[in-house]
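Work through the exercises below with the sequence and the model side by side, and try each task before you read its solution.

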Amino acid sequence: MGIIRTVLGDISPEDFGPALVHEHILVDSNPSNGVNEYDPEEVFEIMFPYLIEIRDLGIRGFVECSTAYMGRDVRILKKLSKATGIHILANTGFFLEPYIPKYAFEYSIEDIANEWIKEINEGIDGTDVKAGFIKIAIEPGKMKEIYVKTVKAAAQCSLSTGAVIACHMESGKVAMIVLDILEKEGLNGDRLIFVHADSEEVLDYHLKAASRGVWIEYDRVNQQTSERTLKLIEFMVRNGFEDKILLSQDSGWYSVGQPSGGNIRGYGYLVRDFLPLMLKRGFSQDLINRIIVDNPAKAFQMEKL
Ligand SMILES: [Zn+2]
């Protein structure tokens, strides 16, 4: 049996769900910012009640998807996890350009992979906080060289650690290219999460990816998207892929540079409003549990190597 690697250490996958698999605590969307121009204490104070809200709604696991150079701050995540009891996962990896650091263009694939492996096995930013998954991102359209590099580095990192790769892709075409590369590197499809799959209109891609083992993440669940998300879930369940669905909200976050972190969207909608909608629509409680408890536990599980 594997483990889930949280910011406070390894836990049993059974203790992880119900989990939100794609949310943000802190985002620094100014790539030239470089230095952390925010008060970590203020970020903690502002974000703490949002986590208490979902803890009281029964959420136990929380996957934080802000990458390095884009607002990842594991000291804050560790403090929030300790204070709330929620199991928080931090990531290693890179986001899109221009959030990819200059050195990555010079580094070899192995250099990048080794840096990420270190963040999973040893710790991040001089702390003992370890990453629990790999996050990468790719723009739609033609694959740039730097993204081929990050996908291959992610493959090496995953092969060495067992960590899952959450890849921000809004396009099924890109998902197929990424999956081809990963499989060629020797990875199983179930080590890939198709992040923002709900942006892909062509449902055939959802099926194609799921049939190759990929996790299909509908991570923009909110009031506006609820009807569409219900339809997507119905479609996947009808096709026998309920064991490949992940749900989340891409909510939060404290925005660096804005007064008091700006406009923050809470994390409560999915459990408080959307799951009851699923029940009303005829999905069983058992199926809901599989999607929000069992699937995250399997997706983010790392086999002890
Ligand atoms: Zn996100």
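The exercises go from the whole chain to single strands and then to single residues, and the model they use is a predicted one.

**Exercise 1. Overall form**

Task: Determine how the radius of gyration of the protein agrees with that of a compact globule, and describe its secondary structure and extent.

Solution: Begin with the inventory, which comes to 10 helices and 13 strands. Next, take the chain length: for 305 residues a compact globule would have a radius of gyration near 19 Å, and because the protein has 18 Å, the two agree. The C-alpha trace spans about 50 × 45 × 35 Å along its principal axes. Finally, turn to burial and contacts: 48% of the 305 residues count as buried, and among contacts between residues at least 6 apart in sequence, 79% join residues at least 24 apart.

**Exercise 2. The sheet that contains E5**

Task: Find the order of the strands in the open sheet that includes E5, and say which strands stand at its edges.

Solution: First list the pairings of E5 (residues 61–64): three bridges join strand E3 (residues 19–23) to E5 in parallel, and three bridges join E5 to strand E6 (residues 87–89), also in parallel. Particular residues show the register, since Leu-20 stands opposite Phe-62, Glu-23 stands opposite Glu-64, and the bridge partner of Phe-62 in E6 is Ile-88. The three strands therefore form an open, parallel sheet in the order E3-E5-E6, in which E3 and E6 stand at the edges with a single partner strand each, so one side of each is left without a neighbour in the sheet. From one strand to the next the twist averages 15°.

Now follow the chain from E5 to E6: together with helix H2 (residues 74–84) these strands make a right-handed β-α-β unit. As for burial, both faces of E5 are covered, with Gly-61 and Val-63 buried on one side and Phe-62 and Glu-64 buried on the other.

**Exercise 3. Strand E8 and its surroundings**

Task: Explain why strand E8 is described as largely enclosed, and identify the strands with which E8 pairs.

Solution: Check the strand residue by residue: five of the five residues of E8 (residues 133–137) are buried, so the strand is largely enclosed by the rest of the structure. Phe-133, Lys-135 and Ala-137 lie on one side, Ile-134 and Ile-136 lie on the other, and both faces are covered. Then look for partners: strand E7 (residues 91–93) pairs with E8 in the parallel sense over three bridges, with Asn-91 as the bridge partner of Phe-133. E8 also pairs in the parallel sense with strand E9 (residues 165–168), here over four bridges, and Ile-136 stands opposite Cys-167 in E9. Between E8 and E9 the chain passes through helix H5 (residues 145–161), in a β-α-β crossover that is right-handed.

One further step leads into the core. Cys-167 is among the residues that touch the most other members of the largest nonpolar core, which has 94 residues, and H5 gives the largest share of this core, six residues. Leaving aside neighbours within four places in sequence, the contacts of Cys-167 include Ile-136, Val-178 and Leu-192. In soluble globular proteins, nonpolar side chains tend to be buried together.

**Exercise 4. Backbone exceptions**

Task: Decide whether Asp-125 and Asp-250 are buried or exposed, and locate the cis peptide bonds that precede Pro-18 and Pro-98.

Solution: Start from the general expectation that most residues other than glycine have a negative phi, and that most peptide bonds are trans. Asp-125 has a phi near 50°, a positive value, and Asp-250 likewise has a phi near 50°. Asp-125 lies in the loop between helix H4 (109–121) and E8, and counts as exposed because it has 11 C-beta neighbours inside 10 Å. Asp-250, in the loop between strands E12 (245–247) and E13 (254–255), is buried, with 20 other C-beta atoms within 10 Å.

For the peptide bonds, the one from Gly-17 to Pro-18 is cis, with omega near 0°, and Pro-18 lies in the loop between strand E2 (9–11) and E3. The bond from Glu-97 to Pro-98 is cis as well, with omega near 5°, and Pro-98 lies in the loop between E7 and helix H3 (102–106).

Key: Residues numbered from 1 in each chain as written. Predicted model: local features only at pLDDT ≥ 70, side-chain atom pairs only at ≥ 80, totals over all residues. Helix = DSSP H or I, 4+ residues; strand = E, 2+ residues; numbered from the N terminus. Rg over C-alpha atoms; globule rule 2.2 N^0.38 Å. Buried ≥ 20, exposed ≤ 12 C-beta atoms within 10 Å, placed from the backbone. Contact = placed C-beta atoms within 7 Å. Pairing = 2+ DSSP bridges. Right-handed = clockwise from strand over helix to strand, strands pointing away. Core = buried A, V, L, I, M, F, W, Y, C linked by C-beta atoms within 7 Å. Axes fitted to C-alpha atoms, helices over the stretch in contact; angles between N-to-C directions.
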